[in-house]
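Colleague: Could you take one part of this model and go through it slowly with me, as you would for someone in a first year of study? Please keep the reasoning visible at each step, and then place that part within the rest of the chain.

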Amino acid sequence: MKNDAKTETMNLKNEDAPKAANIPTITPDIVEETNIEIARRRAGRYGSPLKNIADAPCPVCGSQSVSFADNLVFEVVLTGERIVIPNLSGLRCSNCGDFAFDADSSKIINEHTGNKPAGGYECRISTVGAEKLGMYFPKDVLRVMEITKKGKAIVTPLSRRKMMVELYPE
Ligand SMILES: [Zn+2]
């Protein structure tokens, strides 16, 4: 019978199996190394879909200077806590310095900042013209952000009540 044959083979293999001393054991160090390697891969260091991008046009300054980078740093201050995440991957313009994280790195950033209370600044919203609403940034925001009078901002809605604002100073 097929099943019997299988069992026999397995028994044979067990007899031939190397002695315990020859079997490599998995130490906590190996597990830690593996975890670091996985984290690196998740960070896109080896596998980013943007890896082959070089000298692409920059959406901010227009020069052909956007290339893959794996040494980007994310830095943010949330309520009383400064978070710095180095070695992230994405694209960076060597001309104007503008950069964007790839999907994997964005995920890592979210994992580190997602469940932290948003130490946000309160901004007043009011009418600035027909059908238009304006948002007024308090001084503290002006102090820490690169906001200029004629700059441009790209607003990306994340949900009905949450949005991301990217600043493009003139
Ligand atoms: Zn640029």
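Modeller: Strand E4 has six residues and the number of them that are buried is zero, so this strand lies largely in the open. Please keep in mind from the start that this is a predicted model, and that everything I describe is read from that prediction. E4 covers residues 124-129, and it pairs with strand E5 in the antiparallel sense, over five bridges. One of the pairings to look for joins Arg124 to Tyr136, which is its bridge partner in E5. The partner strand, E5, runs over residues 132-136, and since the number buried among its five residues is also zero, E5 too lies largely in the open.

Between the two strands of this hairpin there are two residues, and Glu131 takes a positive phi near 65 degrees there. Within E4 itself, a good residue to follow is Val128. A residue counts as exposed if 12 or fewer other C-beta atoms lie within 10 Å of its own, and because Val128 has 11 such atoms within that distance, Val128 is exposed. Leaving aside residues up to four places away in sequence, Val128 touches Leu133 and Gly134.

To see a contrasting part, turn to the largest nonpolar core, which has five residues, namely Leu50, Val66, Ala69, Leu91 and Cys93. Strand E1, residues 66-78, and strand E2, residues 81-93, each supply at least two residues of this core. As background, nonpolar side chains in soluble globular proteins tend to be buried together. Leu50, one of the core residues, touches Phe68, Gly90, Leu91 and Asp102 when residues up to four places away in sequence are not counted.

The positive phi in the hairpin has counterparts elsewhere, and Asp55 offers one, with a phi near 55 degrees although the residue is not a glycine. Asp55 sits in the loop between helix H2, residues 28-42, and strand E1, and because 11 C-beta neighbours lie inside 10 Å of Asp55, this residue counts as exposed. Asn87, which is not a glycine either, has a positive phi of about 60 degrees, but this residue is found in strand E2. With 16 C-beta neighbours inside 10 Å, Asn87 counts as partly exposed.

Finally, the whole chain gives these details their setting. The protein chain has four helices and seven strands, and from the N terminus on its elements run α-α-β-β-β-α-β-β-α-β-β. Of its 170 residues, 9% count as buried. Among contacts in the chain with a separation of 6 or more, 38% are accounted for by residues 24 or more positions apart.

Note on methods. Residues numbered from 1 in each chain as written. Predicted model: local features only at pLDDT ≥ 70, side-chain atom pairs only at ≥ 80, totals over all residues. Buried ≥ 20, exposed ≤ 12 C-beta atoms within 10 Å, placed from the backbone. Pairing = 2+ DSSP bridges. Contact = placed C-beta atoms within 7 Å. Core = buried A, V, L, I, M, F, W, Y, C linked by C-beta atoms within 7 Å.
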